[in-house]
6 protein chains.
Amino acid sequence: MDERWQRGRAVADRLDPGQTERIVAGLAGIAPDMARHAIAFAFGDILGRPGLALRDRQIATIAALTALGTAGPQLRLHIKGGLAAGLSRDEIVEVILQMAVYAGFPAALEGLAAAREVLGEAPGEA
Amino acid sequence: MDERWQRGRAVADRLDPGQTERIVAGLAGIAPDMARHAIAFAFGDILGRPGLALRDRQIATIAALTALGTAGPQLRLHIKGGLAAGLSRDEIVEVILQMAVYAGFPAALEGLAAAREVLGEAPGEA
Amino acid sequence: MDERWQRGRAVADRLDPGQTERIVAGLAGIAPDMARHAIAFAFGDILGRPGLALRDRQIATIAALTALGTAGPQLRLHIKGGLAAGLSRDEIVEVILQMAVYAGFPAALEGLAAAREVLGEAPGEA
Amino acid sequence: MDERWQRGRAVADRLDPGQTERIVAGLAGIAPDMARHAIAFAFGDILGRPGLALRDRQIATIAALTALGTAGPQLRLHIKGGLAAGLSRDEIVEVILQMAVYAGFPAALEGLAAAREVLGEAPGEA
Amino acid sequence: MDERWQRGRAVADRLDPGQTERIVAGLAGIAPDMARHAIAFAFGDILGRPGLALRDRQIATIAALTALGTAGPQLRLHIKGGLAAGLSRDEIVEVILQMAVYAGFPAALEGLAAAREVLGEAPGEA
Amino acid sequence: MDERWQRGRAVADRLDPGQTERIVAGLAGIAPDMARHAIAFAFGDILGRPGLALRDRQIATIAALTALGTAGPQLRLHIKGGLAAGLSRDEIVEVILQMAVYAGFPAALEGLAAAREVLGEAPGEA
């Protein structure tokens with residue numbers, strides 16, 4: 001396993017400990033090479049680039065996945081990754097809520113439902 | 001609670017009695033302010049505007065949500081709201097079916113599946 | 001030319017006089033059969049269906065094309081068709097503006113720019 | 001039932017034996033005419049056209065549905081149809097995986113999850 | 001003009017001096033009320049919320065508009081706003097480039113073309 | 001330059017002679033590393049994979065870009081690449097036309113307009 005994989009693995013596991021292994025296992029029976037590309041390219045070549053903090057990258061990803069509205073499981077993983085990268089619960093909620101302006105209320109409401117699943121309900125918020 | 005909220009509440013509850021309370025409760029634990037914006041802005045400022053009948057606004061919403069294809073729960077709510085605003089079952093089905101032309105057959109077929117869930121099967125149609 | 005074509009041609013030309021010929025001419029050099037499908041299927045089989053008034057169908061189409069945001073020329077044609085089907089200038093603007101809620105402000109603003117191109121600026125509105 | 005229906009029925013049932021009847025039954029209670037359009041227009045007029053092999057048409061459909069990411073049940077049907085039209089398991093997986101480049105990793109990963117459901121895990125691949 | 005408008009105006013003009021007046025003028029002839037909603041709701045109620053820095057909000061907006069790929073003029077405005085909110089040229093480019101992973105290479109390449117228009121080519125980068 | 005780059009360069013230049021240099025030049029002033037990822041990852045790691053013929057990969061790409069409808073310049077490049085990979089003019093038109101079923105008529109019509117720009121009008125077709 002080369003340097004791109006090592007850098008990607010470090011990013012993936014920082015965002016969600018054990019994520020690399022879960023991606024490898026999840027794709028093993030259908031498209032094993034895809035795991036390599038997800039780790040080496042997505043996490044290694046792109047998320048691992050200098051020039052933008054990992055915390056800021058998670059803002060961008062959570063915003064994009066909420067706006068696109070087509071990949072719920074990926075959004076939930078990146079909400080979890082956002083916490084690991086240093087975003088607060090409130091910051092993540094703000095990013096998703098803001099998508100009401102740029103992608104419409106239904107996109108934001110679906111994103112908030114995903115956030116509630118991952119983050120749970122805040123004590124005292126209700 | 002101000003005038004924007006009151007106007008929005010009236011529209012939301014006309015489309016689905018008790019909707020305002022359900023929106024408030026649903027968002028309480030994750031983003032309570034979002035309920036205010038959904039009621040005061042979406043239902044109050046926009047759906048409550050004069051210049052287009054509420055029935056016609058539901059046509060627009062059902063069409064858009066079917067075409068986007070990214071927010072099933074919201075589509076089902078607005079199909080219900082369409083009935084409350086005066087659309088017939090047949091008119092709602094026509095709006096969704098028409099999306100085959102503008103957003104493709106899969107979008108229309110997913111929309112019709114949502115419609116069947118909300119409207120049930122018509123007696124004698126099968 | 002059969003009955004589906006005749007019905008489609010009547011709808012297409014009611015929405016925009018001469019539209020059938022323009023569609024045929026526009027596609028002649030690249031995909032001539034597509035003109036047949038646009039007229040016979042889209043305008044004949046679907047827009048020509050009973051069960052929803054042509055005016056209401058134009059609401060659905062303008063809403064969907066604004067929300068999708070991917071087909072400016074088609075949106076402009078259907079704004080024109082909306083007027084021909086009996087929608088007022090104000091009603092068309094309301095449909096597009098409402099998309100701010102369901103597809104976000106950028107989609108609505110692009111749609112309003114298209115509307116301004118087709119409808120012109122209203123005297124006295126500035 | 002006319003010639004367009006017969007041609008569409010042959011294509012639909014070649015892609016998935018019994019598909020025509022299932023489409024008719026599935027839409028009977030909500031929009032029975034839609035079944036006619038799905039068979040006569042989508043399968044008959046378009047997928048049944050000469051000029052592109054049915055196998056190649058399934059590549060196009062699987063790619064588009066993976067990229068759009070809005071119609072999981074339709075994607076699963078067309079993955080099945082891809083096998084029936086002569087694509088190998090590997091070719092289908094390659095089409096979906098390639099969408100990582102054109103529609104992003106989340107779209108490709110959701111598509112691969114659909115493929116695993118339909119195609120099962122390959123023996124010895126894990 | 002009320003408090004929501006004042007707060008929105010401050011945010012809009014901080015992101016792009018004179019933006020409020022340009023929005024009002026741009027919409028005057030087609031949908032004058034939309035300017036109020038863009039300023040009071042989008043900039044005032046949402047972008048003006050505490051809980052997430054304006055710089056971070058611009059990351060989310062640039063990411064979402066690049067990923068959606070449907071509103072070039074709005075993307076260009078928000079790239080400009082990103083600079084005003086404290087993002088560096090490099091950080092903006094990183095956000096857009098990252099969208100290759102989440103929305104595909106074409107979306108990222110179109111976004112980079114918009115960035116080049118707004119930011120110009122960096123001296124010495126070629 | 002490593003093996004991934006060499007493989008990607010071969011694919012990119014087979015699809016459009018000189019494409020590698022044009023991509024490098026186009027991105028030099030805004031995001032020079034993106035050219036590396038486009039060549040090494042998109043063309044090298046993915047389009048250069050065995051398991052699906054390059055001709056078939058162009059079907060998938062043309063279908064996806066037509067369906068998404070958000071990247072006209074990229075679609076035009078890949079229509080050109082489709083010819084280079086061995087698709088006939090008619091096959092390319094069929095792929096785009098078929099998107100009327102899966103992404104709607106406006107997407108297909110915009111795609112056909114792109115095809116006419118790249119392929120020209122066929123002699124004798126008008």
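A salt bridge here is a side-chain nitrogen of Lys or Arg within 4 Å of a carboxyl oxygen of Asp or Glu. Keep that in mind. Between chain E and chain C, the count of those is zero. I'll come back to that interface.

First, a caveat. What you see above is a predicted model. I'll take two interfaces of chain E, then two single residues.

Start with chain E against chain A. On the chain E side, 30 residues are in contact, and they meet 30 residues of chain A. The buried area is about 2,600 Å². Carbon and sulfur atoms give 68% of that. Who supplies it? On the chain E side, look at E:E94, E:Q98 and E:Y102. Together they supply 24% of the area that chain E buries against chain A. No other three residues supply more.

Now the polar side of the E and A interface. The salt bridge count between these two chains is six. Take one of them as a picture: the side chains of E:R55 and A:D56, with N to O at 2.5 Å. Polar contacts between chain E and chain A come to 10 residue pairs, both partners at pLDDT 80 or more.

Which elements of chain E do the work of touching chain A? Three of them give two or more residues: helix 3 (32-47), helix 4 (54-68) and helix 6 (89-103). Helix 4 of chain E has the largest share, with 11 residues. By type, the chain E side that touches chain A divides into 20 nonpolar, four polar and six charged residues.

Next, the symmetry of that pair. Rotate chain E by 180°, with 0.0 Å of shift along the axis, and chain E superposes on chain A. The RMSD is 0.0 Å. That is the relation of a two-fold axis. And the surfaces? Of the interface residues of chain E, 100% are also interface residues in chain A, so the copies meet through the same surface.

Now back to chain E against chain C. Here 16 residues of chain E are in contact with 21 residues of chain C. The buried area is about 1,500 Å², and carbon and sulfur atoms give 72%. The top three contributors from chain E are E:G29, E:I30 and E:M34. They supply 42% of the area that chain E buries against chain C, more than any other three residues.

How many salt bridges lie between chain E and chain C? Zero, as I said at the start. Polar contacts between chain E and chain C come to two residue pairs, both partners at pLDDT 80 or more. The elements of chain E that give two or more residues to this side are helix 2 (19-27), helix 3 and helix 5 (72-84). Helix 3 gives the most, five residues. The composition of the chain E side is 11 nonpolar, five polar and no charged residues. With no charged residues on the chain E side, the zero has a reason: a salt bridge needs Lys or Arg on one partner and Asp or Glu on the other.

The geometry of this second pair is a rotation of 120° with 0.0 Å of shift along its axis. Chain E lands on chain C with RMSD 0.0 Å. The two copies are thus related as by a three-fold rotation axis. Which residue of chain E comes closest to the rotation axis? E:T70, with its C-alpha at 3.5 Å. The copies use different surfaces here: 6% of the contact residues of chain E recur in chain C.

Two single residues to finish.

Begin with A:D16. A:D16 sits in the loop between helix 1 (3-15) and helix 2 (19-27) of chain A. Buried or exposed? Relative accessibility is 6%, so A:D16 counts as buried. Beyond the neighbours within four places in sequence, A:D16 is in contact with A:R22, A:L77 and A:K80.

Then D:E91. D:E91 is in helix 6 (residues 89-103) of chain D. The relative accessible area of D:E91 is 16%, so this residue is buried too. Setting aside residues up to four places away in sequence, D:E91 touches D:R55 and D:G86, plus F:G51 and F:L52. The side chains of D:E91 and D:R55 make a polar contact of 3.2 Å. And D:I59 lies 32 residues from D:E91 along the chain, with 8.7 Å between their C-alpha atoms.

Methods: Residues are numbered from 1 along each chain as its sequence is written. Chains are lettered from A and ligands numbered from 1 in the order in which they are written. This is a predicted model: local features need pLDDT of at least 70, side-chain atom pairs count only at pLDDT 80 or more; totals for chains, interfaces and linings use all residues. Side-chain values use heavy atoms; hydrogens and water are left out. Contact means heavy atoms within 4.5 Å. Buried area is the accessible area (1.4 Å probe) that two parts lose on being put together, summed over both. A polar contact is a pair of N or O atoms within 3.5 Å; within protein, one must be able to donate a hydrogen and the other to accept it, and residues adjacent in sequence count only if both atoms are side-chain atoms. Helices (H or I, at least four residues) and strands (E, at least two) are DSSP runs, numbered from the N terminus. Ala, Val, Leu, Ile, Met, Phe, Trp, Tyr, Cys and Pro count as nonpolar, Asp, Glu, Lys and Arg as charged, and the others, Gly among them, as polar. Copies are superposed by least squares on the C-alpha atoms of residues with pLDDT of at least 70 in both. Buried means under 20% relative accessible area, exposed over 50%, partly exposed in between (1.4 Å probe, protein chains only).
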